[in-house]
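Me: Could you take a close look at one part of this structure for me, the sheet, and tell me how its strands are put together? I work at the bench, so plain words are welcome.

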Amino acid sequence: MDGLWKVFGPKSAARRIPGDPELTALPAAELRERTGCTAAVRDVSFDVRKGEVFVVMGLSGSGKSTLVRCLTRLIEPTAGTIAIDGEDVGAMDKARLRELRRHRAAMVFQHFGLLPHRTVLDNVAYGLEIQGMGRAERRAKAAELVAKVGLDGMEQRRPGQLSGGQQQRVGLARALASDPQVLLFDEPFSALDPLIRRDMQEEVARLHREEGRTMVFITHDLNEALRLGDRIALMRDGRIVQLGTPEEIVGSPADDYVRDFVRDVPREQVMTVRGAMRPARDGEADSSGPALAPSATVAEAIEAVARSGGPARVTERGRCLGVVDHQGLLAVVAGVPATVPSQEDGRKAAAA
Ligand SMILES: Nc1ncnc2c1ncn2[C@@H]1O[C@H](COP(=O)(O)OP(=O)(O)OP(=O)(O)O)[C@@H](O)[C@H]1O
């Protein structure tokens, strides 16, 4: 996505806004008053990498749904370009767009969109039916997907006989039925209660581990974003205020808004030991103490250091990259830069 804008409102005014610095500088309410328009997405650019879970996060009204709907032109962008695998989505005709939405980028909605009079199996097979797959083949494929999302034995139930979480699993199986390159999730779990929501997050994480399918996931829930996202785009008023890994967003917030947003995150569960380690000193690299991978979380390192009573080495392919100790780990948890004592300080302390 490159330089994308979506301005809702009277067409001629909406088209003018992206190129007009005076209008784009106005606060939302004043822009609406002057032009009758709402700029829901403002000059947004990013790439989604093959195989990653890309999360779009932001508060209600920040433009997440509009942004993701623009990806497959369920909403027509006002300006900017979108390409999938190098193909210009803006240049696609109706047939090509249909193909894009059915086979290449399937959407999983919050309100499932299940057909109430069809069984679970038939709901999942429905997409395959539209594609013209024969009855026996599509039922076999649907049964496989129903099992994949953990609904074995419920094939003959109707949506009304399922819990919210189970209905969402049917929605997920149906989206998977077309074997899309990309799965787009629009706040799929926000209507579910917290425990079922957690279950579904784990389900998505498991599917992603098993299949490595590219996923774009909208949520307003920071914990969900941190749990699922390889990278997160944090939106505010139609713009991306920061795009980065969970660790980058929590560890190096781009501005006060992001800092405030992530203030209550348990940092030790998101930050890895890379951000907590210091260079090894005097023989530490060869010590027999605990060893951690660079991807280990600070929480894991705290446990290792607490158990052993001394620093832990961070190693990769047998090489010592550095050392984490109490001081470095506490600094990460407290959100302050570690003050690593110099060797000079160490000598002074020893002399004292
Ligand atoms: N069809 C529309 N016409 C006019 N304004 C719209 C339209 N759709 C969305 N908007 C406005 O665009 C802005 C972004 O809306 P959008 O639904 O993308 O936000 P969101 O971040 O997905 O919010 P939520 O989490 O509540 O779904 C909001 O100010 C909204 O009122």
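Reply: Happy to help; here is a walk through the sheet, with its surroundings after that.

Please keep in mind that this is a predicted model, in which local features need pLDDT of at least 70, side-chain atom pairs count only at pLDDT 80 or more, and totals for chains, interfaces and linings use all residues. Residues are numbered from 1 along each chain as its sequence is written.

The protein chain holds 16 helices and 14 strands; these are DSSP runs, helices being H or I of at least four residues and strands E of at least two, numbered from the N terminus. Six strands make up an open sheet of mixed pairing, in the order S7-S8-S9-S3-S10-S11. The edges belong to strand S7 (105-108) and strand S11 (239-244), each of which has a single partner strand, so one side of each lacks a neighbour in the sheet. Two strands count as a pair if DSSP finds at least two bridges between them. On average, neighbouring strands of this sheet are turned by 20° against each other, direction ignored; axes here are lines fitted to C-alpha atoms, for helices over the stretch in contact, and angles run from 0 to 180 degrees between N-to-C directions.

Strands of a sheet pair through backbone hydrogen bonds, either parallel or antiparallel. Strand S10 shows both senses with its partners. With strand S3 (residues 53-58), S10 (residues 231-236) pairs in the parallel sense over five bridges, and Val56 stands opposite Ala233 in S10. With S11, S10 runs antiparallel, again joined by five bridges; there Arg236 stands opposite Arg239 in S11. The hairpin of S10 and S11 has two residues between the strands, and in it Asp237 takes a positive phi near 50°.

At the S7 end, helix H8 (residues 164-177) lies across S7 and strand S8 (182-186), running at about 170° to S7.

A word on the ligand, too. Its shell includes Phe8, Gly58, Lys64 and His220. Strand S2 (38-44) and helix H4 (64-71) are the elements that give two or more residues to this shell, and H4 gives the most, with three. By class, the shell has two nonpolar, nine polar and one charged residues; Ala, Val, Leu, Ile, Met, Phe, Trp, Tyr, Cys and Pro count as nonpolar, Asp, Glu, Lys and Arg as charged, and the others, Gly among them, as polar.

For scale, the C-alpha trace of the protein chain spans about 80 × 60 × 35 Å along its principal axes.

Methods:
Near = placed C-beta within 6 Å. Contact = placed C-beta atoms within 7 Å.
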